[in-house]
Amino acid sequence: FNEFINMPQAARGFIYPFRLHGKNSNNPTNYKVSWTGKWDGCRIVSRDCYAAYGLAGLESTTYDTAGTMTVTMTPDAKIEYLFDRVKVFYDVNYQSMQIGIDSLTEVKEVIENRQQGYTEFIFMKPLTQVTFTINKRDSIQNHFTLYGFYFDLDAPGINYSAIGVNGASVPSFLKTSGNFERQLSVIKPDLIIFSIGINDAFDPNFTQSWYEGNYSEMIKRIKKVAPGAAILFTTNTDSYKKRKNKYYKNVTGIEVKGSMQNLANKYGAGVWDLFSVMGGLGSMQFWINNHMAANDHIHFSRKGYYLMGDLMFTAIIKKYEQYLKMPVAKLKHE
């Protein structure tokens, strides 16, 4: 859904242990999580969950005093993420058990920020792995609810964070509590890339005004805590609707494209027109024929997703190169 980019830090940023919600959950390849103890999860798309969701749109709770969680950064596309500090976002209250670090890891400082809802651990040296422990320090403490981690490194580069929940729409994320804003204010993103809306486009009651209204409410909440963050919208990919075992072109993608442009004009944001880049209405079939997309006419193959990432990166770099070549006088004018 959202990608947050911070500079000048260079670390993996905000992550969530998706595998806690089952083997079918999509966990990024550049980190892995293992755990002990029993954990129960809630997702913003679940009708039977009433939770104080945070930035991730998910939460995991354990009542097990012996629970642990190990996060390991794994090399991905020749990138090995390091970290020398991590913020753990969780439900901070008098009944909550406390988060700690296993005794084998050298910790320089521990900072508890109850108002912002996290505990930060600062380490003696950069690491690629850390094990967290759940500690019961008082008889009244009976649970621990995790909202996510923010891995950071004191080094130049780019911090990359991403959130998303399978099946979620923009209204899904509007269900999040004040934890969403609090955690986003801690991250302090420089650039927010919106890549959500494909599920909205399948809503039988879709209208552009409804779609833009939901997005405006989301941006309003984000602007309160990250007023200086730049915004980039990506239009929906082309898709098909299925009726009676037949696939039909989803013309709503054209309306979403128009809405993205309207929102960009309203908020002074950028737009990457992925819908047109992939070929426009009906182009999904071409991607399927070339093994870039799945036969459900909605999702992509790993190869297809990597290509989309490369295309976006290329588009951003080209614009940046144009910016560097722009005369100083024109830059001052703009």
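Okay, let's start in the middle of a sheet: strand 6 and strand 11 pair in an antiparallel way, with five bridges between them. If you want one spot to click on, take T70, which sits opposite T131 in strand 11. Before I go on, one reminder that this is a predicted model.

So what's the rest of that sheet? It's an open sheet of four strands, in the order 3-6-11-8, and the pairing is antiparallel. The edges are strand 3, residues 31-36, and strand 8, residues 98-101, and each of those pairs on one side only. Ignoring direction, neighbouring strands in this sheet are turned against each other by 25° on average.

Let's walk across the pairs. Strand 3 and strand 6 are antiparallel and share six bridges. A handy marker there is K32, standing opposite T72 in strand 6. At the other edge, strand 8 pairs with strand 11, residues 129-135, again in the antiparallel sense, over four bridges. For that one, look at G100, whose bridge partner in strand 11 is T133.

Now, why can we call strand 6 largely enclosed by the rest of the structure? Because five of its six residues, in the run 68-73, are buried.

Okay, next stop, a single residue I'd like you to colour in: E59. You'll find E59 in strand 5, residues 58-62. Which side chain of opposite charge is nearest to E59? That's R182, and R182 is 10 Å away. The cut-off for a salt bridge here is 4 Å, and E59 has no salt bridge even though E59 is buried. So who does E59 touch? Leaving out neighbours within four places in sequence, the contacts of E59 include Y16, H21 and D40. Also among them are G41 and C42, then A51, A52 and Y53. And further along the chain, T145, L146 and Y147 are in contact with E59 too.

I mentioned R182, so let's move to the helix around that number. Helix 2 covers residues 179-187, and eight of its nine residues are buried, so call this helix mostly covered. The buried ones are N179, F180, E181, Q183, L184, S185, V186 and I187.

Right after helix 2 comes K188. Where does K188 sit? In the loop between helix 2 and strand 14. Its phi is near 55°, which is a positive value in a residue other than glycine. And is K188 buried or exposed? K188 counts as exposed, because its relative accessibility is 57%, and the cut-off for exposed is over 50%.

Carry on along the chain and you reach strand 14, residues 191-194. Strand 14 runs parallel to strand 15, residues 230-234, and four bridges join the two. L191 is opposite A230 in strand 15, if you want a marker. What do strand 14, helix 3 and strand 15 make together? A right-handed β-α-β unit, with helix 3 spanning residues 208-225.

On the way from strand 14 to helix 3 there's a loop, and P204 is in that loop. P204 counts as exposed because its relative accessibility is 77%. For a sense of distance, take P204 and A315: they're 111 residues apart in sequence, and their C-alpha atoms are 33 Å apart in space.

Last stop, the loop between helix 6 and helix 7, with two histidines that I'd like to set side by side. One of them is H291, in the loop between helix 6, residues 284-289, and helix 7, residues 302-325. H291 isn't a glycine, but has a positive phi of about 60°. H291 is exposed, because its relative accessible area is 63%.

The other is H297, also found in the loop between helix 6 and helix 7. Buried or exposed, this one? H297 counts as buried because its relative accessibility is 7%. Leaving aside neighbours within four places in sequence, H297 is in contact with D238, S239, Y240 and Y247, plus M284, Q285 and I288. One more distance to finish: H297 and K249 are 48 residues apart along the chain, and their C-alpha atoms are separated by 9.4 Å.

That's my tour. Happy to go back to any of these spots on the screen.

Technical notes: Residues numbered from 1 in each chain as written. Predicted model: local features only at pLDDT ≥ 70, side-chain atom pairs only at ≥ 80, totals over all residues. Heavy atoms only, no water. Buried < 20%, exposed > 50% of the residue type's maximum accessible area, 1.4 Å probe, protein only. Lys, Arg positive; Asp, Glu negative; His and termini not counted. Contact = heavy atoms within 4.5 Å. Pairing = 2+ DSSP bridges. Axes fitted to C-alpha atoms, helices over the stretch in contact; angles between N-to-C directions. Right-handed = clockwise from strand over helix to strand, strands pointing away.
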